[in-house]
Amino acid sequence: MRAPPQVSYPLGRARLRHTLTWLLLLGTLGTVVAVHPSQPNHELAVLMLVLLLVPLALTWRASPAGRELQWDGEQWHLLGPEVVSGQVHLVLDVQRALLLRWTSPLSGSDPATSWLWIEQSANPVIWMDVRRAVYWNAH
């Protein structure tokens, strides 16, 4: 079986991820408003506030803008101020978007892990090429 073609895919603002994050934030906020008046428990209020921080943290830890994910036919790279080689692991596929776990070995330490969210809307022309490359590496 032949490897998929070389492809570079832009990372940046992800509309679907932001929409899902805002829905999670609004749902959590709605739960706080509905539950807290009926059960005025301070521990519950703290738990709900912590839950409100999760969507905000997801947005803050988003894929870096202005970078590219590149498959050169043999290995994955993150292109940006510096080029970093590593591996992608498919975590979630929702057809128009992929959630990937990026691991990059650092010398003398555990591998660095980050999350990459890529969407079809960033470059619809080569979307199927990047999906083929991700799935080819998943096996």
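Q: Contact means that heavy atoms lie within 4.5 Å; which residues is Ile118 in contact with, leaving aside its neighbours within four places in sequence?
A: Ile118 is in contact with Tyr9, Leu11, Arg96, Ala97, Leu98, Leu100, Trp127 and Val130. The model is predicted, with local features needing pLDDT of at least 70 and side-chain atom pairs counted only at pLDDT 80 or more, while totals for chains, interfaces and linings use all residues. Residues are numbered from 1 along each chain as its sequence is written, and side-chain values use heavy atoms, leaving out hydrogens and water.

Q: How many helices and strands does the protein have, and what pattern do they follow along the sequence?
A: There are three helices and six strands, in the order β-α-α-β-β-β-β-β-α. Both are DSSP runs numbered from the N terminus: helices are H or I with at least four residues, strands E with at least two.

Q: What share of the contacts between residues at least 6 apart in sequence joins residues at least 24 apart?
A: In the protein, that share is 55%.

Q: Why does Arg131 count as buried?
A: Buried means under 20% relative accessible area, exposed means over 50%, and partly exposed lies in between (1.4 Å probe, protein chains only). Arg131 has 11% relative accessibility and therefore counts as buried. Of the 139 residues of the protein, 29% fall in the buried class.

Q: What makes Asp93 and Arg131 a salt bridge?
A: The term requires a side-chain nitrogen of Lys or Arg within 4 Å of a carboxyl oxygen of Asp or Glu. The side chains of Asp93 and Arg131 meet at 2.9 Å, N to O, so the pair qualifies. Asp93 sits in strand β4 and Arg131 in helix α3, 38 residues apart, so the pair links distant parts of the chain.

Q: How many salt bridges does a search of the whole structure find, and what is the N to O distance between Arg132 and Asp129?
A: The search finds two, and Arg132 and Asp129 meet at 2.5 Å. These residues are three apart in helix α3, which means a separation of about one helical turn. Arg132, at 43% relative accessible area, is partly exposed, and Asp129, at 21%, also counts as partly exposed.

Q: What makes the largest nonpolar core a core, and how many residues does it have?
A: A nonpolar core is a set of buried Ala, Val, Leu, Ile, Met, Phe, Trp, Tyr and Cys residues joined through side-chain atoms within 4.5 Å. The largest has 18 residues, and those with the most contacts inside it are Leu69, Trp76, Leu100, Trp102, Leu116, Ile118 and Val130. At least two residues come from each of β1 (7–11), β2 (67–71), β3 (76–79), β5, β6 (112–119) and α3 (127–137). Helix α3 gives the most, with four residues.

Q: Why is the Trp71 and Trp76 pair called tilted?
A: Rings of Phe, Tyr and Trp (its six-membered ring) pair if their centres lie within 6.5 Å; planes under 30 degrees apart are stacked, over 60 edge-to-face, and the rest tilted. For Trp71 and Trp76 the centres are 5.3 Å apart and the planes meet at 45°, so the pair is tilted. Both Trp71 and Trp76 are buried. The rule gives three aromatic pairs, and ring pairs link Trp71, Trp76 and Trp136 into a cluster.

Q: What makes Val94 eligible for a nonpolar surface patch?
A: Patch residues have over 30% relative accessible area and no salt bridge; like charges are joined within 9 Å, and nonpolar side chains (Val, Leu, Ile, Met, Phe, Trp, Tyr) within 5 Å. Val94 is at 36%, so the area condition is met. With Val91, Leu92 and Trp115, Val94 makes a patch of about 330 Å². Areas come from the Shrake-Rupley method with a 1.4 Å probe, and for residues only the protein chains shown count as cover.

Q: Where is Gln95 found, and why does this residue count as exposed?
A: Gln95 is in the loop between β4 and β5; its relative accessibility is 54%, so it counts as exposed. The phi of Gln95 is near 70°, a positive value in a residue other than glycine.

Q: Is Ser104 buried or exposed?
A: Ser104, in strand β5, has 3% relative accessibility and so counts as buried.

Definitions and conventions
Contact means heavy atoms within 4.5 Å.
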